Amino acid sequence: MQTRLDLARIQAARPLIDPIFLDTPLYRCEALEPALGCAVSIKLETANPVRSFKGRGTEVVAGGLAGQAAVCASAGNLGQALAWSARGRGLDVTVVASRYATPAKLARIRALGARLELVDGDHELARERAAAIARHDGIRLVEDSLDVETCEGAATIGLELVGTPFDAVLIALGGGALATGVGHVVKTLASGTEVICVQPLGAPAMTRSWHERRVVTTDTTDTIADGVAGRRPIPEVLADLLQVADDAVLVRESSIIAGMRLLFEHAGLVVEPSAALGIAALLEDPGRFAGKHVVTIVCGGNADPAAFRRWVA
Ligand SMILES: Cc1ncc(COP(=O)(O)O)c(C=O)c1O
């Protein structure tokens, strides 16, 4: 297996990350199991100052900035995490986001002291604008999933999973930092564990790309899972995903909502839609997982409160 990642570098990334993001809870959640028909463990990435796993990657990125200003595009969680990592180091950060992004995420980016620029379009337009700012201002462009540090940070989750013999790990798939990072570690150290990526039917570009083994783009996205709603997969990330993922599946919006409701009612967790993708996959294909022990990475908790109430009501 040859990817842009390397186990030694992932292990070396761990000490660069504030311990507040590391060694997150990993536990069997029996209360979920009657509804899902298999043994389910949760890797909980929401109980930290930015309420998502993205802090692991931004800590590695920010550690290498050496005082340099940076700009990133974000659906909300990367920007929040980069703002947090930059604030602690006195670094200047600009976050570019869609003006349709989740308001609670935009508010947190501002509260953490980053400059926030909104574009009148979706996440792909924000990516273009961030690149233009980086060129114009001569500052560092942080590109989620393309910058290997973002993958290495996410990959440290994998180091925390491989001590337990799971049959499968379910991973939300957006740009791919999480899946390629965790997948690299799992396939290196626990190759018998299946790596299954999950995306919404309404934002299928990376999953289709994985199945067709070439970059497939879409013109639009239509999903409540804002953290994974990309349209233009990055070729280098796809190449890695082809090495480390055993499967990539698409799930319906109704299953994502049902997953959020199950996590709320049976696990006491308030999660954003992207974090319920793994549960959604279990709900849609119970036969595949019957009798198995799976782990799902509950990767973000930045739900808009009003929307959350509507979804789980
Ligand atoms: C909560 C959440 N889940 C999943 C993802 C997807 O991760 P990746 O873009 O690394 O594939 C993101 C990305 O921002 C996210 O914020």
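Modeller: Before we start, helices here are DSSP runs of at least four residues, numbered from the N terminus. Also keep in mind that this is a predicted model.

Biologist: Thanks! Which helices each supply at least two residues of the shell around the ligand?

Modeller: Let's look at the shell itself, where 23 residues surround the ligand. Asn77 and Ala177 are among the closest. The helices that each supply at least two shell residues are H4 (77-89) and H8 (177-189).

Biologist: And which helix gives the most to that shell?

Modeller: Both H4 and H8 supply at least two residues. The top contribution is 3 residues, and it comes from H8.

Biologist: How many residues of the shell are charged?

Modeller: Sorting the shell by class helps here. There are 11 nonpolar and 9 polar residues. The charged ones number 3.

Biologist: Where does the ligand lie with respect to the domains, and why?

Modeller: The chain is divided into domain 1 (7-52 + 147-312) and domain 2 (54-142). Both give residues to the shell around the ligand, so the ligand lies between domain 1 and domain 2.

Biologist: How many Å separate the centres of the two domains?

Modeller: Nice follow-up! Taking the centres over C-alpha atoms, the separation of domain 1 and domain 2 is 22 Å.

Biologist: Which helix provides the largest share of the side of domain 1 that touches domain 2?

Modeller: The contact takes 29 residues from domain 1 and 24 residues from domain 2. On the domain 1 side, the largest share is 7 residues, spanning part of 148-161, and that helix is H7.

Note on methods. Residues are numbered from 1 along each chain as its sequence is written. This is a predicted model: local features need pLDDT of at least 70, side-chain atom pairs count only at pLDDT 80 or more; totals for chains, interfaces and linings use all residues. A residue is near a molecule or strand if its C-beta atom, placed from the backbone, lies within 6 Å of it. Ala, Val, Leu, Ile, Met, Phe, Trp, Tyr, Cys and Pro count as nonpolar, Asp, Glu, Lys and Arg as charged, and the others, Gly among them, as polar. Domain bounds come from an automatic or database domain assignment. Two residues are in contact if their C-beta atoms, placed from the backbone, lie within 7 Å.
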